[in-house]
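Work through the exercises below with the structure open. Each task is followed by a stepwise solution.

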Amino acid sequence: MAAMDRRLLMERSVAGRRAVTVPEPDVPLTPLPDASLLRDDLLLPEVTEGEVVRYFTLLSQLNFSVDTQYYPLGSCTMKYNPKLNDEMASLPGFSEIHPLQADETVQGALRVIHELQEMLGEITGLPGVSVGPLAGAQGEFAGLLIARAFHEDRGEGAVRNVALIPDSAHGTNPASAAMAGLEVVTVPSDEHGNVSVDDLRNLANERTAVFMLTIPNTVGLFEPNILEITKIIHDTGGLVYADGANLNALLGLAKLGELGFDIAHSNLHKTFSTPHGGGGPGSGPVLVTEELAKYLPAPIVSENDGKFVLGSPDRTVGRLNGFQGSFGIVVRAYTYIRLMGLEGIKAVARNAIINANYVQSQLKDDFDVAYDRFCMHETVMSARRQKANGVSALDISKRLIDYGIHPPTMYFPLIVPEALMIEPTETESKETLDAFIAVMKKIAEEADASPELLHSAPHNAANTRLDEATAARKPVLRWEPEAAD
Ligand SMILES: *Cc1c(COP(=O)(O)O)cnc(C)c1O
């Protein structure tokens, strides 16, 4: 194969080439504004249509995607997303409506939001639902504003300003708490990867606004003391928040409301099969008990005599975005849940758990398992054994690219050294898992026999090892013409 043409579009420019033919204008010509208002530094590439198409198509082929390769990226739930979801979201009745249209003209769309609210309420056992938040982190922020409003209404707003957060938490949890004006106090984990209940008991007091717990927790484990934990917090008058970004392992098997959680969010763009990555649109509905529903952010769709109406609860914490949330994602999640049904939803959870435990059991002779017990939807392994021979989790991840597999999440959670967080997801076949396991075993051998090979991986990707620090500090975001000398 010929070497890939790596020139940027600007570098392919040849004066006079065109990709478009502009028709003769059928309106009067208007003179350009005064020359002082015109830019002359705006260089545009001069290329043919064929060159533009080839350039962008080649770029798209450099992408790694769930639709092309295996993607065991822990905590991100990169499962396969049924194409039917996209088909439904592109129906004109959903894709060609305007958020300012009168409610009577978009009854079908409002009904979808309403039914998704109901389904998410049923799945999580938290009946108050707003699909407004545009990301998991924004769902957290909304949930924490709700907790603050609740304490303020009880006259405790000034004192209850602490968020207790485990040391294994996803980074967005402390960030959202700080943005909501809460002081973050860290709760240590015990040697089994659970929240240290003794520490929690000592830290929970009349200043506790909320305790935030990821469930299953960020080392992929179910907290066995969950009922005790929620009771400790409730006894002090605080609320308990569930980060349910990845609910794969619980769907249809356990309800957050029944475990004692008051507030939660879930990521439609993880658990409910919407494609994500690259900072694209997301949706992180916030879910609460009936008691807290009056604080939910707009929009809420309610049903009144068979009519669906958009509204905002009495004591709403406000609005987090311009209109009705990421509606296309709402349609995808709705389609997915309807497609699955209750039995299908349960099968998602069971298969997610089986797949993670299968991978863990097959790899535990080759890599250390952070906590050697049954896991939920993901397993956290550690490359500390390989590190003794100079091979890091990063080297292993980069080497996986050579075998056509996306790296797992690395160096997270922070409490596990050289962490490799593997989430197989339920949509992968045993053959795919076996191929992944075989590659990981091969890499473990390579780490012993030829560490150099791993330090310089990847070897057959479009880019080799990047200087990530320089890329982050001095990013080249703009094409500059070469200085004329
Ligand atoms: C992904 C994730 C989040 C944040 O979701 P975003 O949509 O990226 O803001 C929060 N918590 C956990 C556990 C996650 O995996």
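**Exercise 1. Place a strand pair in its sheet.**

Task: Which sense of pairing joins β1 and β7, and over how many bridges?

Solution.
- Step 1. Strand β7 covers residues 286–288 and pairs with β1 in the antiparallel sense, over three bridges. The model is a predicted one.
- Step 2. Look for facing residues. G128 stands opposite V288 of β7.
- Step 3. Check the cover of V288. Its relative accessible area is 0%, so V288 is buried.
- Step 4. Widen the view to the sheet. It is open, has seven strands and follows the order β1-β7-β6-β5-β4-β2-β3, with mixed pairing.
- Step 5. Find the edges. β1 (128–130) and β3 (183–187) each have a single partner strand, so one side of each lacks a neighbour in the sheet.
- Step 6. Add the twist. From one strand to the next it averages 20°.
- Step 7. Take one distance from V288. Its C-alpha atom is 20 Å from that of E223, and the two residues are 65 apart along the chain.

**Exercise 2. Describe a hairpin.**

Task: How many bridges join β8 to β9, and which residue between the strands has a positive phi?

Solution.
- Step 1. β8 spans residues 300–304 and β9 spans 307–311. Five bridges join them, and the strands run antiparallel.
- Step 2. N304 stands opposite K307 in β9.
- Step 3. Two residues lie between the strands of this hairpin. D305 takes a positive phi near 55°.
- Step 4. Look just before the hairpin. A298 and P299 are joined by a cis peptide bond, with omega about 0°. P299 sits in the loop between β7 and β8.

**Exercise 3. Characterise helix α4.**

Task: What does α4 span, and how does its length compare with the expected value?

Solution.
- Step 1. α4 runs over residues 107–124, which makes 18 residues.
- Step 2. From first to last C-alpha it reaches 26 Å, close to the 26 Å expected at 1.5 Å a residue.
- Step 3. Count the cover. Of the 18 residues, 13 are buried, so α4 is largely enclosed by the rest of the structure.
- Step 4. Move past its end. G125 follows, with a positive phi near 75°.

**Exercise 4. Read the salt bridges.**

Task: Where in the chain are the partners of the K255 and E122 pair?

Solution.
- Step 1. Recall the principle. Side chains of opposite charge can pair when their charged atoms come close.
- Step 2. Apply the cut-off: a Lys or Arg side-chain nitrogen within 4 Å of an Asp or Glu carboxyl oxygen. By this rule the count is 28 salt bridges.
- Step 3. Test K255 and E122. Their closest N and O atoms are 3.1 Å apart, and the two form a salt bridge. K255 lies in the loop between β5 (239–244) and β6 (263–266), while E122 is in helix α4, 133 residues apart.
- Step 4. Compare exposure. K255 is partly exposed at 25% relative accessibility. E122 is exposed at 52%.
- Step 5. Take D153 and R315. The closest N and O atoms of this salt bridge are 2.5 Å apart. D153 belongs to helix α5 (residues 136–153) and R315 to the loop between β9 and α9 (327–363), 162 residues apart. Both count as partly exposed, D153 at 38% and R315 at 41%.
- Step 6. Take E156 and R160. Their side chains meet in a salt bridge of 2.6 Å, N to O. R399, D402, K442 and E446 form one network through salt bridges that share partners.
- Step 7. Compare cover again. E156 is partly exposed at 23%, whereas R160 is buried at 5%.

**Exercise 5. Pick out unusual backbone geometry.**

Task: Is S75 buried or exposed, and where is Y411 placed?

Solution.
- Step 1. Set the baseline. Most residues other than glycine have a negative phi, and most peptide bonds are trans.
- Step 2. Inspect S75. Its phi is positive, near 70°. S75 lies in the loop between α1 and α2 (83–89). At 6% relative accessible area, S75 is buried.
- Step 3. Inspect Y411. Its phi is positive too, near 55°. Y411 is in the loop between β12 (409–410) and β13 (419–422), and is partly exposed at 34%.
- Step 4. Check the peptide bonds. A457 and P458 are joined by a cis bond, with omega about 0°. P458 falls in the loop between α13 (451–455) and α14 (468–473).

Technical notes: Residues are numbered from 1 along each chain as its sequence is written. This is a predicted model: local features need pLDDT of at least 70, side-chain atom pairs count only at pLDDT 80 or more; totals for chains, interfaces and linings use all residues. Side-chain values use heavy atoms; hydrogens and water are left out. Helices (H or I, at least four residues) and strands (E, at least two) are DSSP runs, numbered from the N terminus. The expected span of a helix is 1.5 Å times one less than its number of residues. Buried means under 20% relative accessible area, exposed over 50%, partly exposed in between (1.4 Å probe, protein chains only). Two strands pair if DSSP finds at least two bridges between them. Axes are lines fitted to C-alpha atoms, for helices over the stretch in contact, and angles run from 0 to 180 degrees between N-to-C directions.
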